[in-house]
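Me: Please take a close look at one part of this model for me, the surroundings of the ligand. I would also like to see how that part fits into the whole.

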Amino acid sequence: MSGGEGETLRNFLPETARGRLQSARLADGIASLVFDVSGLNAGARDSLEADAKAAVAKAPGVAEVRVAMTADRVRRRILAVGSGKGGVGKSTLSANLAVALARMGRKVGLVDADIYGPSQPRLLHAEGVKPVARGEKLVPIQTDFGLPMLSMGQLIEPGKAIAWRGPMVSGALGQLIDAEWGDTELLVVDLPPGTGDIQLTMLQKHKPAGAVIVSTPQDLALIDATRAMQLFELGGVPIVGLVENMAGYTCPHCGGTSDPFGSGGAEAEARDKGVAFLGRIPLDIAIRTRSDAGDPPAAGDGPQAEAFATVARAVADWLDRN
Ligand SMILES: Nc1ncnc2c1ncn2[C@@H]1O[C@H](COP(=O)(O)OP(=O)(O)OP(=O)(O)O)[C@@H](O)[C@H]1O
Ligand SMILES: [Mg+2]
């Protein structure tokens, strides 16, 4: 703070603005204020600026108020969720992993990058909710689960076939990732299956901090999961680990678990391939019915929530170490 005048200006500010003030000076009737706006979204920044201007304009000798804001210093990282083939539960895992991380107090957001079959609006009970744009940027919608979200499904007309070429696909992905995420520190990105434009754009333009690979017990025996891992490794993205989905079968009647596809192999396979095993999500009808109803199991109680929480803890540990 520069001398007595700076202190005087500071005293005119509302309490909340005072805590964020980095410097204040007055020269030739012009008050110049610098605020640290880390973690504030665009709306909060706008009101901070307006409040500060209105308050400091009343200070003696002030003819004009200029406000500068320091760059948002949130270190935001991307966690990609991928798989070798479709239908193994990437979207289910992405939604529930993000919900479980949010429940642990992490500042997490979800990006649904699946241009061909966006499913997050349904999984997170937000069908038909459209994001607004502020300036050039989209503002993520708030879901019921403490989790902001943006989906390709919000950019395209439901039910319309899309024939986007590479640049349009990569532009759309950019809009979702470079949105107004505010203080969100981690973006979980639900990828479409395969190795198309979205995956390439992801690797080239928005390099993920790590990738979680989802696999069913059968794929592990095949080579699909390995192929997915190779894609990320080629792009220099570390593999956080492997999640085995639809492992064992939980009987809705007796609650007992059986293993139609065999059991225990996944963990050993992961070790063989030198990747961490993050956990096992049972094949459970409740996971499908609750997902379809927009009621993510990770937001509730019981064994399904616990299975997703186990994966979330492993992912959070990895993020804290890397
Ligand atoms: N552990 C599970 N138990 C029961 N059903 C599940 C489980 N995981 C996923 N499902 C169901 O399997 C179907 C496919 O899951 P999901 O959409 O998450 O897969 P995906 O890998 O994202 O598919 P795509 O490749 O098409 O994007 C959904 O109907 C989902 O509810
Ligand atoms: Mg999906």
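Reply: The protein is divided into domain 1 (3–70) and domain 2 (77–321), with bounds that come from an automatic or database domain assignment. This is a predicted model, in which local features need pLDDT of at least 70 and side-chain atom pairs count only at pLDDT 80 or more, while totals for chains, interfaces and linings use all residues. Residues are numbered from 1 along each chain as its sequence is written, with chains lettered from A and ligands numbered from 1 in the order in which they are written.

The C-alpha centres of the two domains are 42 Å apart. Where they touch, 4 residues of domain 1 are in contact with 4 residues of domain 2; a contact here means C-beta atoms, placed from the backbone, within 7 Å. On the domain 1 side of that meeting, 2 residues are nonpolar, 2 are polar and none is charged. In this scheme Ala, Val, Leu, Ile, Met, Phe, Trp, Tyr, Cys and Pro are nonpolar, Asp, Glu, Lys and Arg are charged, and the others, Gly among them, are polar.

Now to the ligand. Ligand 1 is surrounded by 21 residues, and the closest are Gly-86, Gly-89, Lys-90, Ser-91 and Thr-92. A residue belongs to this shell if its C-beta atom, placed from the backbone, lies within 6 Å of the ligand. By class, the shell holds 7 nonpolar, 10 polar and 4 charged residues. Two or more residues each come from α4 (90–103), β12 (239–250), β14 (277–284) and α11 (285–292). Such elements are DSSP runs numbered from the N terminus, with helices (H or I) of at least four residues and strands (E) of at least two.

Of these, α4 deserves a closer look. Its 14 residues should span 20 Å at 1.5 Å a residue, and its end C-alpha atoms are indeed 20 Å apart; the expected span is 1.5 Å times one less than the number of residues. As many as 13 of the 14 residues of α4 are buried, which means that 20 or more other C-beta atoms, placed from the backbone, lie within 10 Å of their own (12 or fewer would be exposed, and anything in between partly exposed). After α4 comes Gly-105, with a positive phi near 95°.

For context, here is a strand elsewhere in the chain. In β10 (residues 186–190), 5 of the 5 residues are buried, so the strand is largely enclosed by the rest of the structure. Leu-186, Val-188 and Asp-190 point one way from β10, while Leu-187 and Val-189 point the other way. It pairs in the parallel sense with β4 (residues 77–82) over 5 bridges, and also in the parallel sense with β5 (residues 108–112) over 5 bridges; pairing requires that DSSP finds at least two bridges between the strands. Leu-186 is the bridge partner of Arg-77 and of Val-108.

The loop between β5 and α5 (120–123) contains Gly-117, which counts as partly exposed because it has 13 C-beta neighbours inside 10 Å. Past α5, His-125 sits in the loop that leads to β6 (132–134) and has a positive phi of about 55° although it is not a glycine.

Overall, the protein has 12 helices and 14 strands, and buried residues make up 40% of its 322 residues.

Conventions: Contact = placed C-beta atoms within 7 Å.
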